[in-house]
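Subject: Handing over the structure we spoke about

Dear colleague,

I am passing this structure on to you, and I would be glad if you could look through it before reading my notes. The sequence and the coordinates come first, and my notes come after them.

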There are 2 protein chains.
Amino acid sequence: MQLIDGKLISAQIKQEIAQEVLAMKANGETAPHLVAILVGHDGGSETYVASKITDCQEVGFQSSLIRYEDDVTEEELLGTIDRLNRDASITGFIVQLPLPKHIDEQRIIEAIDPNKDVDGFHPINMGRTLIGLPSLVSATPAGILELLKRYKIETSGKHCVVIGRSNIVGKPVAGLMMQKNYPGDATVTVCHSRSKNIAEICRQADILIAAIGQPEFVKADMVKPGAVVIDVGTTRVPSTLTKSGWKLTGDVKFDEVAPKCSFITPVPGGVGPMTRVELLKNTLLAAKMRIN
Amino acid sequence: MQLIDGKLISAQIKQEIAQEVLAMKANGETAPHLVAILVGHDGGSETYVASKITDCQEVGFQSSLIRYEDDVTEEELLGTIDRLNRDASITGFIVQLPLPKHIDEQRIIEAIDPNKDVDGFHPINMGRTLIGLPSLVSATPAGILELLKRYKIETSGKHCVVIGRSNIVGKPVAGLMMQKNYPGDATVTVCHSRSKNIAEICRQADILIAAIGQPEFVKADMVKPGAVVIDVGTTRVPSTLTKSGWKLTGDVKFDEVAPKCSFITPVPGGVGPMTRVELLKNTLLAAKMRIN
């Protein structure tokens, strides 16, 4: 069994990005500029946005944070998005989700210029991903494919089973894994809460991607010997062993599943750091699209 | 075994559409107006476009045909698309594919206003379909779901296997069948030319959708007893039994597969007529979106 080290790979990619930024600057170009819009004071959102800003600093990107209180109107947000869309000095931007209930998230997402949509949530980016066209791919699916690539895991003709059909992970990763491409060219099955015989289907997987958000859902008897297991789950479960009182738990019962696998991602340190770094990669890609 | 009669269902839907058009006119609204753009003189394309125009007449739509010779430039086509996008009297339009090689099909598709994209090929419509948002769904996948609905075939928790990963059938129908919806909520597997053990995977299907474009690819030993089989294939194979010298052949070896099925679509007379009528439904939907 080999551990897929997302922390190591993401650090390598950060270095690669930092070098590209240095080259851009040496070439007289400005560094990519990522803007994050944060509404309200949700603890998780605060942490995510802060880490995104730190990541930008580490690779030499410019970054800005625009904050709104919980009572911001949809019109105000749309106005800001319109301004960012038209501002040539902004490479890409994200609106940290979730948003307060009085704001229509989908309307906000679709207002973002698809060329600046570095979260890859705009339907046109989802559609272009599914069709197999160049696109800004949302960070978690992109990170999963990057891990498969960096570990040279064969995917062509393999059976990839995805547990979970979310719009930000399950559906796009399924779309990517079936493209005529590497990583891809896999037979792809998507199962979810309504699926019958889910264990039986999982046992067929050469590559199992668990993105259902249920801690330790995947047990040893659901995994074929030699399978590649990618764990997207990151649920905080109470723990007496940590200072914070909780620990991050994946969708895979790691201790019993890991010995059966050829490759497996840990939680934390697997897909999580990749999601962070893929936002930087998308921003760099958006900068290149802007130039071409 | 029950035969799924696409010809009958499509005739019913045509009547429903014709009644809606009458009601619109009685209400002082103009009838939907579909425009087809046809480039060159390909026999298949001529036939398809002519039947689309006839269909429009039968349900009371306005229709127009814009013809170009094979040497039309991409810029000319884009100019026409821009004009149709801005013309409020046009409900929707299609550009009949394939286009001559010197024209970038994807650029043409993406130039169409998504609200007038009644073929549903624009990435934003593909993306919205995948996300589960209201969209113009391309005609063949929409027709397949309509058949499942009209025959009250249960889909929730069933295993739906799609053979073929094309952008106009395999991928969108897979996306639709996994939505939290009826028809949908199925476990979905997409297999294709690179898949291993394709027969074994097909044998698991409660609902088997064959869209691989290989005549009689699906044999009896690939089908589970009681399965629902949807045959999207329409290949012309030489025949001494017909006046034309060819006959339309599906992806399923009908004679040996049919006795094992609970439901099956014939070729011709199954999915084909549904594809035609779904273009009309999309045009009606585009007209309603225009009003709202």
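What follows is an account of what was found, beginning with the domains of one chain and ending with a single buried residue.

Please keep in mind throughout that this is a predicted model. In chain A, the domain assignment gives domain 1, covering 29-112, and domain 2, covering 139-271, and the centres of these two domains, taken over C-alpha atoms, are separated by 29 Å.

A good place to start is strand β2 of chain A, residues 33-39, where 6 of the 7 residues are buried, so that the strand is largely enclosed by the rest of the structure. From β2(A) the chain passes through helix α2(A), residues 43-59, to reach β3(A), and this β-α-β crossover is right-handed. The strands β2(A) and β3(A), the latter formed by residues 62-68, are paired in the parallel sense over 7 bridges, and within this pairing H33(A) has Q62(A) as its bridge partner. Strand β2(A) also runs parallel to β4(A), residues 92-95, to which it is joined by 4 bridges; here the bridge partner of I37(A) is V95(A).

Turning to the contact between the chains, 26 residues of chain A and 27 residues of chain B take part in it. On the side of chain A that touches chain B, the elements giving two or more residues are α5 (123-131), α7 (170-177) and β6 (187-191), and α5(A) provides the largest share, with 7 residues. By character, the residues on this side of chain A comprise 11 nonpolar, 9 polar and 6 charged. Helix α7(A) deserves a separate word, since 8 of its 8 residues are buried and it is therefore largely enclosed by the rest of the structure; among these buried residues are K171(A), P172(A) and M177(A).

How are the two copies related to each other? Chain A can be laid on chain B with an RMSD of 0.0 Å by a turn of 180 degrees, with a shift of 0.0 Å along the axis, and the copies are thus related as by a two-fold rotation axis. The same surface serves both copies, as 100% of the contact residues of chain A recur in chain B.

The two chains also share a sheet. Strand β6(A) pairs with β6(B), residues 187-191 of chain B, in the antiparallel sense over 3 bridges, and V188(A) has V190(B) as its bridge partner there. Within chain B, β5(B), residues 159-163, pairs with β6(B) in the parallel sense over 5 bridges, with V161(B) standing opposite T189(B). Taken as a whole, the sheet is open, has 12 strands and is of mixed pairing, and its order runs β1(A)-β11(A)-β8(A)-β7(A)-β5(A)-β6(A)-β6(B)-β5(B)-β7(B)-β8(B)-β11(B)-β1(B). The edges are held by β1(A) and β1(B), each of which has a single partner strand, so one side of each is left without a neighbour in the sheet.

Finally, M222(A) lies in the loop between β7 (207-210) and β8 (228-231) of chain A. Is M222(A) buried or exposed? With 24 other C-beta atoms within 10 Å, M222(A) is buried, and, leaving aside residues up to four places away in sequence, M222(A) touches A199(A), C202(A) and R203(A). Of these, A199(A) is 23 residues from M222(A) in sequence, yet the two are 5.0 Å apart in space, C-alpha to C-alpha.

With kind regards

How values were computed. Residues are numbered from 1 along each chain as its sequence is written. Chains are lettered from A and ligands numbered from 1 in the order in which they are written. This is a predicted model: local features need pLDDT of at least 70, side-chain atom pairs count only at pLDDT 80 or more; totals for chains, interfaces and linings use all residues. A residue is buried if 20 or more other C-beta atoms lie within 10 Å of its own, exposed if 12 or fewer, and partly exposed in between; C-beta atoms are placed from the backbone. Two strands pair if DSSP finds at least two bridges between them. A crossover is right-handed if, with the strands pointing away from the viewer, the path from the first strand over the helix to the second runs clockwise. Domain bounds come from an automatic or database domain assignment. Two residues are in contact if their C-beta atoms, placed from the backbone, lie within 7 Å. Ala, Val, Leu, Ile, Met, Phe, Trp, Tyr, Cys and Pro count as nonpolar, Asp, Glu, Lys and Arg as charged, and the others, Gly among them, as polar. Copies are superposed by least squares on the C-alpha atoms of residues with pLDDT of at least 70 in both.
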